[in-house]
Amino acid sequence: MSEMRDIILEQVERLLADQAGVALLRRVEAGEWPAGLWAEMVELGLPLALVPEAASGVGLGWGDAAAVWQVLGRFGAPAPLAEAMLANALLAAAGLEPQIGFISLGTRATPFGRFALHVVTEEGPGRIALRPRDSYFPSGNLAREPRDMVEPGAALLEGLLPNGWGTRATRLGLALVRAAQISGAARQALTLAVDWANTRVQFGRAIGKFQAVQQSLAMVAGDVAALDVAVASAARAVDAHGLDGAAFEIGCAKIIAGETAESVAAKVHQVFAAIGITEDHELHHLTRRLWAWRDEAGSAVTWSSEIGRAVLARGGANLWPDITARDAAGAQA
């Protein structure tokens with residue numbers, strides 16, 4: 001872990017510990033922009049974290065960025081920092097100037113689109129543009145996060161992405177973002193459940209002393225650990241081979257994230273019982289985000305189908321050689 005990565009993660013964790021929480025999540029879900037938190041993020045230069053230093057950014061790699069997104073997920077991602085990081089990374093890769101103000105991605109189900117000054121759109125294979133956000137139709141996901149229909153203005157900047165970014169860079173990048181956020185949210189749900197199991201007393205002893213509860217939490221811990229590995233592997237593959245070269249690892253991470261979101265939510269709520277469902281409880285907000293992020297940037301079914309079609313196209317005899325030929329960074333050599 002680099003010294004810069006340590007510093008950034010410590011800053012993000014401290015900032016969210018000070019300003020995030022259930023109260024802020026509820027205000028964001030009611031339509032409020034997290035102005036104070038976002039101003040602090042901009043002050044720290046976080047929206048430019050994935051932009052190379054030569055382009056006035058922080059110069060983090062994708063592995064470092066995924067760690068930041070996991071921290072965001074632990075706190076329910078009350079601000080669209082991950083989306084802004086990805087949008088600025090796309091601009092910088094295409095040789096376009098990154099933006100200080102909030103910019104989002106796409107024109108349909110645009111994250112926090114109503115608050116965006118600009119949006120980054122894909123204009124064709126490998127071509128992106130920066131457009132102003134003219135108008136919007138408000139909408140939201142299951143977690144009540146803004147996912148708006150955006151009407152963009154004329155392109156202000158246009159550019160071509162390098163070959164390694166492929167022709168669907170936004171989808172691949174956002175899939176990695178959501179997998180990392182699910183990883184963080186699932187780990188926080190596990191932490192809450194373990195703490196509850198150690199303090200909630202029934203029949204004269206903490207419920208964590210009962211074997212059934214222990215087994216359930218052990219299964220959640222295993223799922224969360226597997227997802228952590230999948231996200232780290234996918235991010236390392238992007239660093240080594242670009243988004244397009246890491247499509248298989250990103251797809252696998254998103255599949256595991258989707259399955260983990262379902263299993264963690266089900267088992268952790270069994271440990272908490274009714275209190276975890278209440279809107280005042282942190283778990284309530286984490287669960288809705290797990291379910292919402294599971295379906296964004298391609299569900300587990302979507303990515304499984306895509307990988308399955310690729311395997312069929314290559315032929316069954318190539319499946320094992322293709323898997324074992326992937327290098328230590330996670331992508332095919």
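**Notebook: helix packing, salt bridges and backbone outliers**

*Entry 1. Helices α1 and α4.* I looked up how helix α1 (residues 3-19) lies against helix α4 (residues 62-74), and found that their axes come within 10 Å and cross at roughly 15°. I therefore record α1 as roughly parallel to α4, the cut-off for that term being an angle under 35 degrees. I note that the model I am reading is a predicted one. I recorded both angle and distance because two packed helices are described by the angle between their axes and the distance between the axes. The crossing of α1 past α4 is right-handed.

I then listed the residues that make the contact. From α1 they are R5, I8, L9, V12, E13 and L16. From α4 they are G63, D64, A67, V68, V71, L72 and R74. By class, I entered 8 nonpolar residues, 1 polar and 4 charged for this contact.

*Entry 2. Salt bridges.* I searched the whole structure for salt bridges and obtained 23. I examined several of them individually.

I began with R288 and E29, whose closest N and O atoms are 3.0 Å apart in a salt bridge. R288 belongs to helix α9 (residues 282-295) and E29 to helix α2 (residues 22-29), so this pair ties together parts that are 259 residues apart in sequence. I checked the accessibility of the two partners and found both R288 and E29 buried.

I next asked which residues R147 pairs with, and examined E145 and E296. With E145, the closest N and O atoms of the salt bridge are 3.1 Å apart. R147 and E145 are each buried. With E296, the corresponding separation in the salt bridge is 2.8 Å. The pair of R147 and E296 links distant parts of the chain, 149 residues apart: R147 is in strand β5 (residues 147-152), and E296 is in the loop between α9 and α10 (300-314). E296 is buried, as is R147.

I then followed the shared partners. Salt bridges join R26, E29, E83, R144, E145, R147, R178, E279, D280, R288, R289 and E296 into one network. The pairs examined above thus have their residues in this network: E29 and R288, and R147 with E145 and E296.

*Entry 3. Positive phi values.* I looked for residues other than glycine with a positive phi, because most residues other than glycine have a negative phi.

I noted A77, which is not a glycine and has a positive phi of about 45°. I located A77 in the loop between α4 and α5 (81-93). Is A77 buried or exposed? A77 has a relative accessible area of 6% and is therefore buried, the limit for that term being under 20%.

I also noted F112, a residue other than glycine whose positive phi is near 55°. I located F112 in the loop between β2 (110-111) and β3 (118-124). F112 has 2% relative accessibility, so I entered F112 as buried.

*Entry 4. E43.* I looked up E43 and found it in helix α3 (residues 35-43). The relative accessible area of E43 is 67%, so I entered E43 as exposed, the limit for that term being over 50%. I also took the separation between the C-alpha atoms of E43 and I100, which is 9.9 Å. Along the chain, E43 and I100 are 57 residues apart.

Notes
Residues numbered from 1 in each chain as written. Predicted model: local features only at pLDDT ≥ 70, side-chain atom pairs only at ≥ 80, totals over all residues. Heavy atoms only, no water. Salt bridge = Lys/Arg side-chain N within 4 Å of Asp/Glu carboxyl O. Helix = DSSP H or I, 4+ residues; strand = E, 2+ residues; numbered from the N terminus. Buried < 20%, exposed > 50% of the residue type's maximum accessible area, 1.4 Å probe, protein only. Axes fitted to C-alpha atoms, helices over the stretch in contact; angles between N-to-C directions. Parallel < 35°, antiparallel > 145°, perpendicular 65-115°, else oblique. Left-handed = near helix turned anticlockwise from the far one by under 90°. Contact = heavy atoms within 4.5 Å. Nonpolar A, V, L, I, M, F, W, Y, C, P; charged D, E, K, R; others polar.
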